[in-house]
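Student: Please take a close look at one strand pairing and work outward from there into the surrounding parts of the chain.

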Amino acid sequence: MRVPVHPAKSKLGQSAPTFWSVLQKIRHNGLEILPDQVVHAPVLSGRIAWQNWHMVMDPQIIHHITDTHVQNYPRSDLIRRVLEPAIGQGMFLSDGMEWLWQRHAAAPALGRHHFAGLKPKIKERANALCNRLEHAKGPSINIYHESVSVTFDLICRVLFSDIKVVDRDAMEHAFESYVSKSLGRAVLQTAGMPRWMGRVFSGAAPVTHMHDIIERLIHKRQADGPRDHPDMLDHLLAARHPKTGQVMPLETIRDNLITFMIAGHDTTAVTLAWALYLCSLDASVQDKIRQEAGLEPDAQTFTRQVIWETLRLYPPAAISSRTARGDDQIGNLKIAKGDLVLLPTYALHRHRAYWDAPDEFHPERFAGEGAHKIPAYMPFGHGPHSCIGARLAMGELAILLSTVLSRFRVSLTSGHVPDPVVTLTLHSRNGIWLELIPCDKTG
Ligand code: HEM
């Protein structure tokens with residue numbers, strides 16, 4: 001019988017959000033916007049200035065919103081205001097036919113067949129990471145910094161067949177600086193500030209910079225022609241609209257590539273870092289993962305349970321949001337046109353009604369075929385807009401986690417307690433500091 005492990009958890013808010021608390025917290029820790037009743041109640045509703053909001057934790061209502069009535073619940077105006085100038089033409093903010101053909105065009109580059117070709121590259125990058133870790137200075141390492149460099153290389157490989165084509169610092173800096181400027185503006189506009197005032201916070205320069213970087217790569221590929229083994233960029237360039245037969249516009253290709261780049265590397269990097277943190281709390285978990293290191297990712301049963309449990313405790317996309325297109329009634333819940341609906345995955349995953357010992361790290365809760373396919377579990381979302389990169393992410397994570405643990409024993413740096421916060425993804429404000437000892441030196 002294993003000793004229960006209680007890993008770090010985030011502070012939630014003490015009371016319902018107010019206009020000022022949202023404005024203050026959204027850039028520092030979005031989880032503090034959630035009052036602590038979110039892990040007990042099925043739904044919480046309220047109003048901020050002119051905006052009604054509902055936080056929904058009831059899986060049946062979530063199913064209604066994300067699956068059966070998806071047409072009535074597009075992504076929220078709040079998130080649209082933040083992301084539109086940067087990725088407005090891509091699939092993340094599209095719906096209906098426009099969304100569907102983009103999703104179909106991109107799917108092959110993230111599917112099973114493509115993953116088979118990618119596996120040796122993931123293994124190669126995993127070993128390169130371990131070599132770097134072996135030569136790292138000092139006993140303690142912020143593992144997030146190392147994870148993010150590997151996952152960025154891998155997403156570039158998926159998109160462009162090459163790992164050093166985009167400067168990660170430039171791209172991340174541009175995106176973060178843009179989002180931090182536009183979040184405040186989006187909250188103010190959602191609460192009723194006129195649109196023209198938003199221009200003060202426009203953040204246009206970083207967006208132009210990001211667009212330039214990606215457009216240059218698209219033009220170069222158009223000039224060079226497709227690769228022998230088509231990558232994401234080739235698939236998007238080859239796509240034809242099913243009704244008009246037109247090629248995908250440059251802006252749509254560009255915005256999708258930026259979406260995949262942003263959505264596809266930090267999410268995976270934080271998950272790897274949190275998974276190693278959780279493993280550092282229990283040596284027996286590390287041993288079991290080590291035993292699976294040589295297996296195919298689909299056969300790494302226990303490793304996948306650890307990843308699912310990591311995604312339960314620390315879902316990178318911790319809060320999703322929708323805006324109601326029209327009035328709706330779901331059981332006793334009345335939703336009016338324009339209401340903001342928040343889906344706080346972090347709260348759902350720790351909800352007292354759906355989980356035993358919700359704050360404990362217990363990977364075996366996902367033992368058994370399909371144990372992760374339950375309505376109260378949605379790290380990759382639910383319904384047609386759920387994550388298109390889930391298969392890639394799970395395969396990548398299984399290889400990375402088992403390779404690192406096959407080479408090192410991992411322990412938490414003495415005195416370090418991670419501080420989970422949500423800005424873009426759910427990460428640790430003070431990093432995740434671990435000590436790694438090569439297995440061949442521990443006997
Ligand atoms: C551990 C890793 C990942 C997690 C936890 C994650 C989580 C999610 C979630 C929760 C959603 C749905 C959001 C919503 O409904 O509002 C989503 C959508 C999406 N994800 Fe991921 N994701 C991960 C990795 C990836 C990767 C590797 C890619 C691309 C290569 C990717 C691309 C996307 C895209 C494009 C969407 C929007 C899909 C659509 O609207 O049709 N994600 N992701």
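In S7, which residue is the bridge partner of Thr323?

Tutor: The partner of Thr323 across the bridge is Leu340, in S7. The model is a predicted one. The bridge belongs to the pairing of S4 with strand S7 (residues 340–343), which run antiparallel and are joined by 4 bridges.

That pairing is part of an open sheet of 4 strands, in the order S1-S2-S7-S4 and with mixed pairing. S1 and S4 are the edge strands; each has a single partner strand, so one side of each has no neighbour in the sheet. On average, and ignoring direction, neighbouring strands here are turned by 20° against each other.

At the other end of the order, strand S1 (residues 43–48) and strand S2 (residues 51–56) run antiparallel and are joined by 6 bridges. One of the bridges has Gly46 with Trp53 in S2 as its partner. S1 and S2 make a hairpin with 2 residues between them, and Ala49 in the turn has a positive phi of about 50°.

Next, the chain leading into S4. The structure holds 7 aromatic pairs. One of them is Tyr277 with Tyr314: the ring centres are 6.4 Å apart and the planes stand at 65°, so the pair is edge-to-face. Tyr314 is in the loop between helix H12 (301–313) and strand S4 (320–323), while Tyr277 is in helix H10 (residues 250–280), so the pair ties together parts 37 residues apart in sequence. Tyr277 and Tyr314 are both buried.

Another pair is Trp308 with Phe366, whose ring centres are 6.3 Å apart and whose planes are at 55°, so this pair is tilted. Trp308 lies in helix H12 and Phe366 in the loop between H13 and H14, so parts 58 residues apart in sequence are tied together. Trp308 and Phe366 are buried. They belong to one aromatic cluster with Trp355 and Tyr377.

Two arginines have their charged ends over rings already named. That of Arg312 sits over the ring of Trp355, at 5.2 Å from its centre. That of Arg350 sits over the ring of Tyr314, at 5.7 Å from its centre.

Tyr314 and Arg350 also meet the N-terminal part of the chain, through Ala8. Ala8 lies in the segment before helix H1 (19–25). Setting aside neighbours within four places in sequence, Ala8 is in contact with Tyr277, Tyr314, Arg350, Val417, Pro418 and Pro420. Its relative accessibility is 10%, so Ala8 counts as buried. Its C-alpha atom is separated by 8.8 Å from that of Asp359, 351 residues apart along the chain.

The loop between H13 and H14, which holds Phe366, also brings in the ligand. Cys387 is found in the loop between helix H13 (345–348) and helix H14 (390–407). Its SG atom is the single donor from the protein to the iron atom of the ligand, at 2.3 Å.

H10, which carries Tyr277, leads on to another sheet. This open sheet has 3 strands in the order S3-S11-S8, with antiparallel pairing. Strand S3 (140–142) and strand S8 (408–412) are at the edges with a single partner strand each, so one side of each is left without a neighbour in the sheet. Neighbouring strands in this sheet are turned by 40° against each other on average, direction ignored. S3 pairs with strand S11 (residues 433–438) over 3 bridges, in the antiparallel sense. Within that pairing, Ser140 stands opposite Glu435 in S11. H10 packs on the sheet and touches S8 and S11; the direction of H10 makes about 85° with that of S8.

H10 is also a packing partner of helix H4 (residues 96–106), in which Trp99, Trp101, Gln102, Arg103, Ala105 and Ala106 are buried. The buried residues of H4 pack against helix H9 (232–238) as well as H10.

To return to the starting point: Thr323 is bridged to Leu340 in S7, and S4 is an edge strand of its sheet.

Methods. Residues numbered from 1 in each chain as written. Predicted model: local features only at pLDDT ≥ 70, side-chain atom pairs only at ≥ 80, totals over all residues. Heavy atoms only, no water. Donors = N, O, S within 2.8 Å, 3.2 Å for Na, K, Ca; no water. Phe/Tyr/Trp six-rings, centres within 6.5 Å; stacked < 30°, edge-to-face > 60°. Buried < 20%, exposed > 50% of the residue type's maximum accessible area, 1.4 Å probe, protein only. Lys NZ or Arg CZ within 6 Å of the ring centre and 35° of its normal. Pairing = 2+ DSSP bridges. Axes fitted to C-alpha atoms, helices over the stretch in contact; angles between N-to-C directions. Contact = heavy atoms within 4.5 Å.
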